[in-house]
Amino acid sequence: MRIGILTKAFTAELADAAKAKHERAERRRRLLLARLVVYFVLALCLFARESYEEVLRVLTSGIPGSRAVARVNRSSLSRARARLGEDVLKTVFRQVAGPLATSGTPGAWWRGLPIADLAEVRPLARY
């Protein structure tokens, strides 16, 4: 698997728009660009049993000049993920993922809301 496969479903424009929406653009030149970190986190989902370093190596293999990126250590990858934040990935996911259920799917709706969206509803505070 290479980064090119991920970019077919998750385009560079989609990743850039998500990071711009959440103001995660790079303020300085870094080896781990925010767009690459988006693809890295997506690849982590595909290779959950592999180490950070192995996932990055597999993701960037075959890209000219990627040897320096492949040697980045685990703590740098963790900090890059923290800088990116979960909101960027949530935005990317929501742009690509479609609904799993239609209005006719039994058990997928409750009071007019899809069950999956109920996780986003915050309960009212009890008095």
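This short talk describes the helix packing, one aromatic pair and two backbone features of a predicted model.

Good morning. I shall begin with the overall architecture. The protein chain contains 7 helices and 2 strands. Along the sequence, these elements follow the order α-α-α-α-α-α-α-β-β. Of the 127 residues in the protein chain, 29% are buried. As for contacts between residues at least 6 apart in sequence, 62% of them join residues at least 24 apart.

Let me turn to helix α4, which spans residues 52–60. Which residues of helix α4 are buried? They are Tyr52, Val55, Leu56, Val58, Leu59 and Thr60. As a general point, an α-helix has 3.6 residues a turn, so residues three or four places apart point the same way. Just after α4, Gly62 adopts a positive phi of about 90°.

Within helix α4, I should like to single out Leu56. Its relative accessible area is 1%, and Leu56 is therefore buried, the cut-off being under 20%. Leaving aside residues up to four places away in sequence, Leu56 touches Phe40, Val69, Ala70, Val72 and Leu77. The C-alpha atoms of Leu56 and Arg74 lie 10.0 Å apart in space, with the two residues 18 apart in sequence.

The next topic is the packing of α4 on α3. Two packed helices are described by the angle between their axes and the distance between the axes. For α3 and α4, the angle is about 115° and the axes are 10 Å apart. This makes α3 roughly perpendicular to α4. The crossing of α3 past α4 is right-handed. On the α3 side, the contact is made by Leu36, Tyr39, Phe40, Ala43 and Leu44; on the α4 side, by Tyr52, Val55, Leu56, Leu59 and Thr60. By class, this contact of α3 with α4 comprises 9 nonpolar residues, 1 polar residue and no charged residues.

The structure holds 1 aromatic pair. How are the rings of Phe40 and Tyr52 arranged? Their centres are 5.4 Å apart and their planes stand at 85°, so the pair is edge-to-face. Phe40 belongs to helix α3, residues 34–46, and Tyr52 to helix α4, so the pair links distant parts of the chain, 12 residues apart. Phe40 is itself buried, at a relative accessible area of 2%.

I now come to a second helix pair, helix α2, residues 12–21, and helix α7, residues 86–96. These two pack at an angle of about 135°, with their axes 9 Å apart. Helices α2 and α7 are therefore oblique to each other. Here too the handedness can be given: α2 passes α7 in a right-handed crossing. Helix α2 contributes Leu14, Ala15, Ala18, Lys19 and Lys21 to the contact, and helix α7 contributes Val88, Thr91, Val92, Gln95 and Val96. Sorted by class, the contact of α2 with α7 has 6 nonpolar, 2 polar and 2 charged residues.

Finally, a point about the loop between α2 and α3, where Glu23 is placed. In general, most residues other than glycine have a negative phi. What phi does Glu23 have? Glu23 has a positive phi of about 55°, although it is not a glycine. Is Glu23 buried or exposed? Its relative accessibility is 64%, so Glu23 counts as exposed.

To close, I would draw attention once more to Phe40, which takes part in the contact of α3 with α4, is touched by Leu56 and forms an edge-to-face pair with Tyr52. Thank you.

How values were computed. Residues are numbered from 1 along each chain as its sequence is written. This is a predicted model: local features need pLDDT of at least 70, side-chain atom pairs count only at pLDDT 80 or more; totals for chains, interfaces and linings use all residues. Side-chain values use heavy atoms; hydrogens and water are left out. Buried means under 20% relative accessible area, exposed over 50%, partly exposed in between (1.4 Å probe, protein chains only). Helices (H or I, at least four residues) and strands (E, at least two) are DSSP runs, numbered from the N terminus. Axes are lines fitted to C-alpha atoms, for helices over the stretch in contact, and angles run from 0 to 180 degrees between N-to-C directions. Angles under 35 degrees count as roughly parallel, over 145 as roughly antiparallel, 65 to 115 as roughly perpendicular and the rest as oblique. A crossing is left-handed if the near helix is turned anticlockwise from the far one by less than a right angle, and right-handed if clockwise. Contact means heavy atoms within 4.5 Å. Ala, Val, Leu, Ile, Met, Phe, Trp, Tyr, Cys and Pro count as nonpolar, Asp, Glu, Lys and Arg as charged, and the others, Gly among them, as polar. Rings of Phe, Tyr and Trp (its six-membered ring) pair if their centres lie within 6.5 Å; planes under 30 degrees apart count as stacked, over 60 as edge-to-face and the rest as tilted.
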